[in-house]
Amino acid sequence: MSTPLLACEDLRVRFQTHAGTVDAVNGVGFEIHAGDCVGIVGESGSGKTQTAMALVGLLADNAVASGSVRFRQEEILNAPAERLNRIRGRRVSMVFQDPMASLTPFMRIGAQLCEVLRQHSGMTREEAKARALEVLDIVQIPEPRRRFGMYPPELSGGQRQRVMIAQALLCEPDLLIADEPTTALDLTIQAQILDFFRSLKKRTTIVIITHDLGVVAGLCDRVLVMQAGCIVERGTIEAIFNASKHPYTRTLLAALPRQDTRPQEPPQGLSSETGAGSDALLRVDDLKVHFPTRVQDGLRSRTVPLRAVDGVSFRVAEGETVGIVGESGCGKSTLSRAVLQLIGSTGGRIVWQGEDLSGLSRKAMNERRRDLSVVFQDPLSSLNPRMTIGSIIAEPLRRFHREMSRKDRDAAVLNALRDVGLDREHRDRYPHEFSGGQCQRVSIARAMILKPRLLICDEPVSSLDVSTRRQTIELLKDLQEKHGVSIIFISHDLSVVRIVCDRVLVMYLGHFVEIADRNALFESPSHPYTQALISAIPVPDLAAQRQAERIILSGELPSPTAPPSGCVFRTRCPIATDLCGEQEPEFRTLDNGARVACHHA
């Protein structure tokens with residue numbers, strides 16, 4: 001065996017807190033050789049990120065690290081900052097999960113990149129700019145010269161992550177550590193980033209830290225599985241996926257949604273839009289939500305409409321789960337807020353049980369809200385940190401059932417806790433005392449306590465680990481079966497949508513481009529955008545990953561202030577023709593029952 005590039009022995013990380021000592025990493029040891037691509041996987045709290053932070057000397061002030069970390073046979077654990085600064089950025093680089101937390105928001109992209117080069121290589125200003133532009137081009141940033149002068153908030157999430165990768169590659173490091181580099185990204189952008197990492201394997205050694213085994217399946221050569229601060233299993237990618245031995249590894253694999261397993265047929269609800277009006281619990285007709293926005297036109301600015309939702313129609317039947325999928329910025333969340341009348345609409349109708357909601361007074365709409373409930377993406381930000389869990393769940397009862405006695409209200413709260421799998425003693429705790437999955441259960445309990453007819457779930461599992469995600473999905477399905485609630489499930493993750501939904505609406509730049517029953521959509525996607533979304537799903541199966549035909553979309557979502565003429569998808573579509581730029585496609589029904597807005601589907 002060659003000398004390892006990085007060797008870690010008996011690494012331990014301990015945090016001193018007000019509540020006592022927390023052991024985050026407990027005796028971890030492994031070797032990384034030049035040319036390796038290694039995945040470190042595990043759920044939140046498993047110790048994988050703190051292991052990475054210890055490797056590069058970025059632990060918090062209250063952390064104590066012991067053991068050994070040798071880079072090119074040089075001991076660097078607890079090394080002086082001066083020595084670590086010579087290694088970090090130049091020989092070992094790190095890409096973090098949240099680029100906005102790592103990039104300075106008030107400093108131009110180019111200035112941040114050049115600062116790294118001038119600090120580590122002593123380049124002149126002109127040399128640093130040339131190298132920065134070269135690396136921005138390598139990571140496929142569109143129009144690198146224009147992006148060079150922009151600020152981080154002006155870039156999309158995918159572009160900011162590419163800038164982070166560019167920053168890490170500037171000095172051509174020997175080792176690149178990427179901590180959850182795709183977790184916050186849409187599937188299409190995630191596919192682009194993972195495709196780039198696959199090409200990057202030829203030029204540097206990579207360590208990928210993630211909770212998603214589907215990500216490492218198509219990228220890594222070896223895997224380390226971490227639980228409770230320890231490595232519980234290690235091996236080649238084939239050994240981990242085809243012959244894993246540890247129960248925890250098998251649990252992680254089992255928790256991942258599989259695309260090669262056909263879910264049972266959806267119930268006979270509104271399988272198509274034709275003639276469904278009289279049966280619909282909710283009917284949305286030609287809904288538009290436009291926001292006036294100031295844009296710069298040379299030296300002057302002008303007001304243009306931002307077309308967040310631009311003429312969509314759909315139905316939701318009693319007891320049905322309808323999925324709305326698409327990339328960030330496509331209008332999914334705006335649509336859900338318009339349905340709930342949390343924002344106004346520019347045109348169209350929202351009809352709830354035969355009544356047009358847009359014509360109601362505020363008082364009348366507030367009364368209808370007892371039948372309409374919502375679960376948001378980030379449970380902690382939607383729970384009042386100063387209120388106990390019991391008070392949070394009881395809040396809707398205090399508002400809509402003021403006649404209810406305290407005894408009856410407490411009984412209803414305990415029933416709601418029981419429904420979502422929480423215990424009686426959880427009632428008097430506060431949100432910060434719970435995990436992300438438990439907080440989401442509290443959010444669901446609060447949303448369901450009034451027994452609503454419609455529940456809107458806006459990215460309810462995107463911030464959760466795979467096993468917690470699976471538990472939350474099963475909880476929603478159980479509650480729907482018990483109470484008969486209809487669900488609008490908004491997500492960018494199609495693997496989750498396939499498990500949860502009966503029917504799927506695919507949204508792009510404020511428009512629906514395909515509407516189909518779940519199985520029809522996943523087994524024979526018709527619109528090129530739907531095909532790209534499904535091909536981007538990370539599959540936890542090595543054979544499927546290697547045989548899969550990936551459709552990598554070029555570019556990113558156009559601005560809704562200046563949508564393309566004709567078909568809104570044509571600027572990224574691999575089969576677009578001149579007709580697509582001249583004429584907006586109308587919906588047509590295909591043989592499998594799907595309705596598609598595409599000239600060539």
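Q: What makes helix α7 count as mostly covered in this predicted model?
A: In this predicted model, twelve of the 13 residues of α7 are buried, a word that applies under 20% relative accessible area. The buried residues are G158, Q159, R160, Q161, R162, V163, M164, I165, A166, Q167, A168 and L169.

Q: How does the reach of helix α7 compare with the span expected at 1.5 Å a residue?
A: Helix α7 runs over residues 157-169 and reaches 19 Å from its first C-alpha to its last, which is close to the expected 18 Å.

Q: Why is Q161 called buried?
A: Q161, which lies in helix α7, has a relative accessibility of 1%, and the cut-off for buried is under 20%, so Q161 counts as buried.

Q: What does Q161 touch, leaving out residues up to four places away in sequence?
A: Q161 touches V95, F96, Q97, P99, P181 and L185. For P181 there is also a polar contact to describe, since the side chain of Q161 reaches the backbone oxygen of P181 at 2.7 Å, and the limit for such a contact is 3.5 Å.

Q: Which residues show that both faces of strand β6 are covered?
A: Strand β6 spans residues 92-95, with V92 and M94 on one side and S93 and V95 on the other, and all of these are buried. In a regular strand the side chains alternate between the two faces of the sheet.

Q: How do you know that β6 and β7 pair, and is the pairing parallel or antiparallel?
A: Pairing requires at least two bridges, and β6 is joined to strand β7, residues 175-179, over four bridges in the parallel sense. At one position along this pair, V92 stands opposite L175 in β7.

Q: Why is T182 called buried?
A: T182 is in the loop between β7 and α8, the latter covering residues 187-200, and because its relative accessible area is 4%, set against a limit of 20%, T182 is buried. Beyond four places in sequence, T182 touches Q190, I193, L194 and V215.

Q: How do you know that the count of disulfides comes to zero, and why is C220 not bonded to C37?
A: A disulfide needs two cysteine sulfur atoms within 2.5 Å, whereas the sulfur of C220 is 4.0 Å from that of C37, the closest cysteine sulfur, which is too far for a bond. The sulfur of C114 is likewise too far for a bond, because its closest cysteine sulfur, in C171, is 11 Å away. By this rule the count comes to zero. Both cysteines named at the start of these comparisons are buried, C220 with a relative accessible area of 5% and C114 with 12%.

Q: What makes β12 and β15 the edges of their sheet?
A: The sheet is an open one of four strands in the order β12-β11-β14-β15, with antiparallel pairing. In it, β12 (300-317) and β15 (355-356) each have a single partner strand, so one side of each is left without a neighbour in the sheet.

Q: How many bridges join β14 to β15?
A: Two bridges join strand β14, residues 347-352, to β15, and a pair needs at least two. In β15, E355 is the bridge partner of W352.

Q: Why is D286 called partly exposed, while E459 is called buried?
A: The relative accessible area of D286 is 38%, which falls between the limits of 20% and 50%, so D286 is partly exposed. For E459 the value is 8%, under the 20% limit, and E459 is therefore buried. D286 lies in strand β11, residues 280-297, while E459 is found in the loop between β17 and α17. D286 has a positive phi of about 50° although it is not a glycine, and E459 also has a positive phi of about 50° without being a glycine.

Q: Where is pLDDT under 50?
A: The pLDDT stays under 50 over residues 267-272, for which the model has eleven contacts beyond four places in sequence. Where pLDDT is low, the predicted coordinates should not be read in detail. For the protein as a whole, the mean pLDDT is 87, and 95% of residues reach 70 or more.

Terms used. Residues are numbered from 1 along each chain as its sequence is written. This is a predicted model: local features need pLDDT of at least 70, side-chain atom pairs count only at pLDDT 80 or more; totals for chains, interfaces and linings use all residues. Side-chain values use heavy atoms; hydrogens and water are left out. The expected span of a helix is 1.5 Å times one less than its number of residues. Buried means under 20% relative accessible area, exposed over 50%, partly exposed in between (1.4 Å probe, protein chains only). A polar contact is a pair of N or O atoms within 3.5 Å; within protein, one must be able to donate a hydrogen and the other to accept it, and residues adjacent in sequence count only if both atoms are side-chain atoms. Contact means heavy atoms within 4.5 Å. pLDDT is the predictor's confidence in each residue, from 0 to 100.
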